[in-house]
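Visitor: Got a minute to walk me through this one? I'd like to start with the empty spaces and then move on to the contacts.

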Amino acid sequence: MSNYTGSEIFSSKTKVDKKDGKLVLANMIWVSFALLIGGTAGLLQTLVRSGQFELPFGIGYYQLLTLHGVILALVMTFFFIMGFQIAALSRTAGSFSTSELRLGWTGFWVMTAGTLMSAAMIALNEASVLYTFYAPLQAHAVHYIGLALVIVGTWISVAGQLMRYFRWRKENKGQKTPLLSYMTAINNVMWIVCTIGVAATVLFQFIPWSLGWVETINISLSRTLFWYFGHPLVYFWLLPAYMVWYAVIPKVLGTKGFSDNLARLAFVLFLFFSIPVGIHHQLVDPGIDAFWKGLQVVLTFMVIVPSLMTAFSMFAVFETYGRKQGARGLLDWFKKLPWTDARFVLVFIGMLFFIPGGLGGIINASGQMNQLVHNTIWIVGHFHITVGAPVILTYFAAMLFLLPHITGRKIDKIANRLGLFLAYTWALGMGIMSLAMHWAGLRGAPRRSTFSEYGGADIASEWITYQVMQAVGGSFLFIAIIIAILLFLKLTTGPKVNDPEEFPVAMFMDQEEPVVKWVENWRLLIIITIFLILIAYTVPVTQMFTENIPGAKGFKLW
Ligand code: HAS
C-alpha cells in the first residue's frame, strides 16, 4: 500500500494504483453509458415537446424528461464524481487499503442496483415525476427506493474515500495534506450533511405516501428538504471540476497554480455556504416568511465569493503562463495559451460558459428578479450553461487523461483531435440551445410544459423560433455525445504503452508556505456548517409545522 507524502505527489511518474484504477474504470463505464442514454432522451424530449413527433408505445414528454434529468444530472454525475475522487485520492494520497476499496466497490454496486430500479420505473412510465420529484407528483415506491439506494451507495463509497484521507493524515501527522485529497474530503463532508435532507423526505414522506400507508404529504416540507439537498447538489457537481481547474490545469500548461491556501479557503467557503441557501429555489413558494427568504438570498451571495476567487486564480495562472511565454501587453497572454491541447480547450470553453452561467445565477438569486425568471425556460438555460457546460466539459477533460492513465494508454493525435471536436461541437450546440432558452424565458416561455399545454398553436407560434433554435442546438449536442463516446472507446482500447498518460498534479506558487491550520480543523468546520444551517432553517421549518399553511398545521409530515 503506497502512501505519497513529498515531491512524488507532483511527479508525472506517480500513478493511480492498479486495483483502484479498476474501480475508477467501472464508474467511468457507467458515465459513458449514462451519457448516451440521457443524451438520447434529451434529444427525443425536444422533438416530442414540439408536438410534431410521436414516439411508439406512447412514450411521452414527461417520461423522457425524467429519464434525461435523472440519468444525466444524478446518475452520470454521481458515478463520475465517485470515480474521479477515488482516482484523485489514490493518485495524491496513495493506494486504497482492502477495506477502503471494498467500500468503494460496495457503493458502486448499491448505486448500480438503485439506478436500475429507478430506470425500470421510468421506462414503465411509473415515475414520470422529473429529477426534482416534487410532490404532489407521485411515482411508484420502487422509484423512490431506487433513488434512496443511489444516495446510500454514494455514502458507502464516500466512507471509503474519507477513510483513505484520514489514514493519510494519521500516518503523516502535522503535514500539509495533498490538496486534491483535501478537496475530495470537503466535497464528501458537504455531501453527507446535505443528503440527510433528501434521505429524510424520501424515507419519511415519499415512500410511506407512495406505498399508500398515508394519504397526504406535507408539500412545503418536502420541497424544503429537497432544496436543502438540491442546491449543495450543484456544488457537489461543480467541485470536482474546480479540483481539475485548480490542481490539474496549471500542470497541463506547465506552470504552477496560484495559491494552495486560497484554493483550500475557497473549498471551505463552499462547505459553509452551499447548504443554508436552498430556499433561493423557493422564493415564490407560499408558506416561507419573506425574512427567511431574504436571509438565504444574502447567504447565496456569500456562496458566489469562492467562485469569484476561483476565477481570479485561473486568470492569474493563465496570465502568468502567457507572460512566461513572452506575452507583453494587457491581453497578449491569451494568444499564448495551448489552443491545440484538448485537455485545456475543453476546460477553457467550460470556463467561458461559466461567466454567463454565474451571472445568470446571480440574477436568479436576486430577490424580486427571481419572479421574472422562475419557472420559465430561462432556468433550464441557466443550468445547461452551468452543469451542462463548465462541469461536463471539465469531466470530459478529466476522462481524457484519466482513462488512458488507468488503462495504460496515451492520448494520441486522433484522441486529442476528437477531444477538440468534442469541445467545439459542444460549445456550438450548447451556445445555440441555451441562448434560445434564456431568450424565450425572458419572454415568459414556461419550463416543463409542452406546447399544447401552454396555450395551443397561437401562443406556441410566438416561441417557435426559440424552439427551432433549441432543436438545432440539441442536435449538435447529440453529435457531440457521439464524438464523446467514440473518444472514450478510443481511449480505452488499442495498444497499451510502457509509459502511460500522466494524471497531472500541479505545484502552487505558495507550495512551501505552511497551510492555514484551521482549514483542516474538521470539528470547527462542521460546527460552523451546522450553525449556519440552523440559523437558516430552524424557523422556516418550524413554521411549516406550526403555522396555518393548508395541509401542514400541527406536526404533520403527511
Ligand atoms: Fe444555479 C437554479 C443561483 C451556480 C445549477 N441552478 C439552478 C438549477 C440548477 C442549477 C440545476 O438563486 C435548477 C434547479 C431546478 O431544476 O429547478 N446558481 C445560482 C447562483 C450560482 C449558481 C447564485 N447553478 C450554479 C451551478 C450549477 C447550478 C454552478 C451547476 C453546476 N440557481 C440559482 C438560483 C436558482 C438556480 C437562485 C433557482 C431559480 C428558480 O427560480 O428556480 C453561483 O454559484 C454562481 C457563481 C459563479 C460565478 C462565475 C465565476 C466564473 C468563473 C469562470 C472564470 C473564467 C475564466 C476564463 C477564468 C460568479 C469561475 C476566462 C478567460 C477569458 C479570457 C475571458
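Guide: Sure, here is a short tour of cavities, pockets, salt bridges, backbone oddities and a surface patch.

Guide: Some ground rules: this is a predicted model, where local features need pLDDT of at least 70, side-chain atom pairs count only at pLDDT 80 or more, and totals for chains, interfaces and linings use all residues. Residues are numbered from 1 along each chain as its sequence is written, and side-chain values use heavy atoms, with hydrogens and water left out.

Visitor: How many cavities of 30 Å³ or more turn up in the whole structure?

Guide: The search finds 2. A cavity here is a set of points on a 1 Å grid over the protein atoms alone where a 1.4 Å probe fits but cannot get out, and lining residues have an atom within 4 Å of a point.

Visitor: How much space lies in the largest cavity, and which residues are closest to its centre?

Guide: About 800 Å³, a volume being the space filled by probe spheres set on the grid points, which are joined across faces, edges and corners. It is lined by 39 residues, with H68, L72, F383, H384 and M433 closest to the centre.

Visitor: Which helix gives the largest share of that lining?

Guide: α2, with 8 residues. Helices here are DSSP runs of H or I, at least four residues long, numbered from the N terminus. Among the others that each supply at least two lining residues are α12 (377–384), α13 (387–407) and α14 (413–442).

Visitor: And what classes of residue make up the lining of the largest cavity?

Guide: There are 24 nonpolar, 12 polar and 3 charged residues. Ala, Val, Leu, Ile, Met, Phe, Trp, Tyr, Cys and Pro count as nonpolar, Asp, Glu, Lys and Arg as charged, and the others, Gly among them, as polar.

Visitor: OK, pockets. What volume does the second largest pocket have?

Guide: About 610 Å³. A pocket is an open set of points with protein on both sides within 12 Å along at least five of seven lines. This one is lined by 32 residues, and Q175, K176, T177, V515 and E520 lie nearest its centre. The lining divides into 12 nonpolar, 10 polar and 10 charged residues, and α4 (141–171), α5 (179–210) and α8 (260–273) each supply at least two of them.

Visitor: Switching to salt bridges: how many are there?

Guide: The count comes to 13, taking a side-chain nitrogen of Lys or Arg within 4 Å of a carboxyl oxygen of Asp or Glu. In one of them, the side chains of E501 and R343 meet at 3.9 Å, N to O. That pair links distant parts of the chain, 158 residues apart, with E501 in the loop between α16 and α17 (522–546) and R343 in helix α10.

Visitor: Are E501 and R343 buried or exposed?

Guide: Both are buried, meaning under 20% relative accessible area; exposed is over 50% and partly exposed is in between, with a 1.4 Å probe and protein chains only. There is also a network, where salt bridges that share partners join R169, D260, R264 and E520.

Visitor: What about R323 and E319, how far apart are their closest N and O atoms?

Guide: 2.8 Å. R323 and E319 are 4 residues apart in helix α9 (residues 290–324), so about one helical turn separates them. R323 is partly exposed at 33%, and E319 is partly exposed at 31%.

Visitor: Which peptide bond is cis, with omega near 10°?

Guide: The one from A135 to P136. P136 lies in the loop between α3 (98–123) and α4. N125 is found in that loop too, and its phi is near 60°, a positive value in a residue other than glycine. For context, most residues other than glycine have a negative phi, and most peptide bonds are trans.

Visitor: Where is N375 found?

Guide: In the loop between α11 and α12. Phi of N375 is near 60° as well, and N375 is partly exposed at 35%.

Visitor: Last one: which residues form the nonpolar patch on the surface?

Guide: F33, L36, I37, I482, L486 and L489, with about 500 Å² of accessible area together. Patch residues have over 30% relative accessible area and no salt bridge, with nonpolar side chains (Val, Leu, Ile, Met, Phe, Trp, Tyr) joined within 5 Å and like charges within 9 Å. Areas come from the Shrake-Rupley method with a 1.4 Å probe, and for residues only the protein chains shown count as cover. α1 (18–49) and α16 (464–492) each supply at least two of the patch residues. L486 sits in helix α16 and is partly exposed at 46%.
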